[in-house]
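Let's take a walk through a protein model together. Have a look at the picture first, and then we'll go from single residues to the whole chain.

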Amino acid sequence: MARPTVVGAAEGNARAWPRLSASSRAALRLLLTRGGLPRAEMARMLGLSRTSLTRVTRELLEAGLVREGAVELRATTGRPSEVLEAVVSAHHFLGVKLTGDALHAVVTDLAATVQGHSSAALAAQDVDHVVAQIAAHVEEVRGRFPRLTSIGISLAGVVTGPSGGEVVHRSPFLGWTGDVPLTQLVARATGCPVVVENDVSALTALEAWSRVGAGVSSMALVTIGAGLGFGFVVEGRVVRGAHGAAGRLDHVVVVPDGPVCELGHQGCASALLNNGAVVRNAGSASGDYAAVIEAARAGDGPERRSVEAAGVALGRLIGLIQNTIDPEKVVLTGDGLDTYRVAADVVHAEVERVAAVGPGRTVLDVQAFDFSEWARAAAGTAIFSLLA
């Protein structure tokens, strides 16, 4: 991910992030993920000499990013050790998750802990209105959080990061089809460094870093709902692909003789699994996903068959993911989780049927994340870009 830069005449309105050496960034990452640590233990974990760690510590102390903590007796040394800990309140980050009709925002500290959150309907979907609404929200946030350092924005779509900043090439729910230089537009409007990321990639990175993926080096994240999303972490790194489009499994054929999706693909995941497909395949005239789910729970009619067909598709996709990247964990989330809840037996049966037998078993972790978690992931992209 590119390091964020402020563009335009408004430059200088953000709380500046210090220039840090690679070793200092690695040390700060370690403290944020592991908590307070003694210097000797940090030097060992980072592979640094005592002299190098002293230099790193001095740089972080002068930047106000770490402080001396309590003196602890560590069993590994048998003598008291001075603990260093991150000053997570030194900087704040705004995370914005854009949907087709709303702006969801959170403010976090350096550890991505939420300090405040809000949501508002989008006044309009065109780029100028969205940028203006984000800028207006930034001004409100600055009144409460003057230490605002950077902005992270996430949205569904293809996002790439050339030298001029992240560009949104397509965002279907917002109706954006051309190349939108969203990073530059928001940076000019706010005077803040900005990072833009695909929403599923952002959520995958956050969950791999935080409590859901703690201690896991390989993980997949699957989102089901209005659309389908897939993110992958391999050896601790999010896989983005050469063109920012890794994880496009929504049109993989899972049921060859199944229904046809809106792009004309027969039996692909999108033709069976997203909320609109569940409603359409149930023959529901109302277009109400919640009503279809309720009917599926109550009986064995077309609604139940549609939801179970979606369960088959989901199980086969998870099995494909297990066979392809062999993750330690698959995280399942999204506003279509009721599909899984109704058809869980079908999903697990298909996973068992499709997945190759290996020495271990992949954990399926179902998480009902709300939009504040997606916005926190957007803030996380801003944090991670400074620590890379």
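Is E235 buried or exposed? E235 is exposed, because its relative accessible area is 68%, and a residue counts as exposed over 50%. Before going further, keep in mind that this is a predicted model, so every value here is computed from it.

E235 has another feature to look at. Its phi is positive, about 55°, although E235 is not a glycine. You'll find E235 in the loop that links β12 (228-234) to β13 (237-238).

Now hop over to A112. This residue isn't a glycine either, and its phi is also positive, near 65°. A112 sits in a loop as well, the one between β5 (102-108) and β6 (114-121). But how does its surface look? A112 is buried, since its relative accessible area is just 1%, and buried means under 20%. So we have two loop residues with positive phi: A112 is buried, while E235 is exposed.

Next, follow the strand β12 into its sheet. Five strands make up an open sheet here, and their order is β13-β12-β11-β14-β15, with mixed pairing. At the edges are β13 and β15 (363-366), each of which pairs on one side only. What holds such strands side by side? Strands of a sheet pair through backbone hydrogen bonds, either parallel or antiparallel. For a parallel example, pick out β11 (residues 219-224) and β14 (residues 329-333), which pair over five bridges. If you want one bridge to find by eye, try L221, whose partner in β14 is V331.

From strands, let's turn to a helix. Helix α6 covers residues 199-209, and ten of its eleven residues are buried, so this helix is mostly covered. Among the buried ones are D199, V200, L203, T204, L206 and E207. The N-terminal end of α6 has a cap, too: N198 places a side-chain oxygen 2.9 Å from the backbone nitrogen of V200.

Time for some cysteines. A disulfide is a covalent bond between the sulfur atoms of two cysteines. How many disulfides does the model have? The count is zero. To see why, look at C261: its closest cysteine sulfur is in C268, 3.7 Å away, and that is too far for a bond, because a disulfide needs the two sulfur atoms within 2.5 Å. From the other side, C268 likewise has C261 as its closest cysteine sulfur, at 3.7 Å. Both cysteines are tucked away from the surface: C261 counts as buried at 5% relative accessibility, and C268 is buried at 0%.

Finally, zoom out to the whole protein. It has twelve helices and 15 strands. Its radius of gyration is 23 Å, close to the 21 Å that the globule rule gives for 388 residues, so the protein is as compact as a globular protein of that length. Its C-alpha atoms fill a box of roughly 70 × 55 × 35 Å along the principal axes. Buried residues account for 52% of the 388. The contacts tell you about the fold as well: among those between residues at least 6 apart in sequence, 62% join residues at least 24 apart. As for the outside, the protein exposes about 17,200 Å², and carbon and sulfur atoms supply 51% of that.

Key:
Residues are numbered from 1 along each chain as its sequence is written. This is a predicted model: local features need pLDDT of at least 70, side-chain atom pairs count only at pLDDT 80 or more; totals for chains, interfaces and linings use all residues. Side-chain values use heavy atoms; hydrogens and water are left out. Buried means under 20% relative accessible area, exposed over 50%, partly exposed in between (1.4 Å probe, protein chains only). Helices (H or I, at least four residues) and strands (E, at least two) are DSSP runs, numbered from the N terminus. A polar contact is a pair of N or O atoms within 3.5 Å; within protein, one must be able to donate a hydrogen and the other to accept it, and residues adjacent in sequence count only if both atoms are side-chain atoms. Two strands pair if DSSP finds at least two bridges between them. The radius of gyration is taken over C-alpha atoms; the globule rule is 2.2 Å times the number of residues to the power 0.38. Contact means heavy atoms within 4.5 Å. Accessible areas come from the Shrake-Rupley method with a 1.4 Å probe; for residues, only the protein chains shown count as cover.
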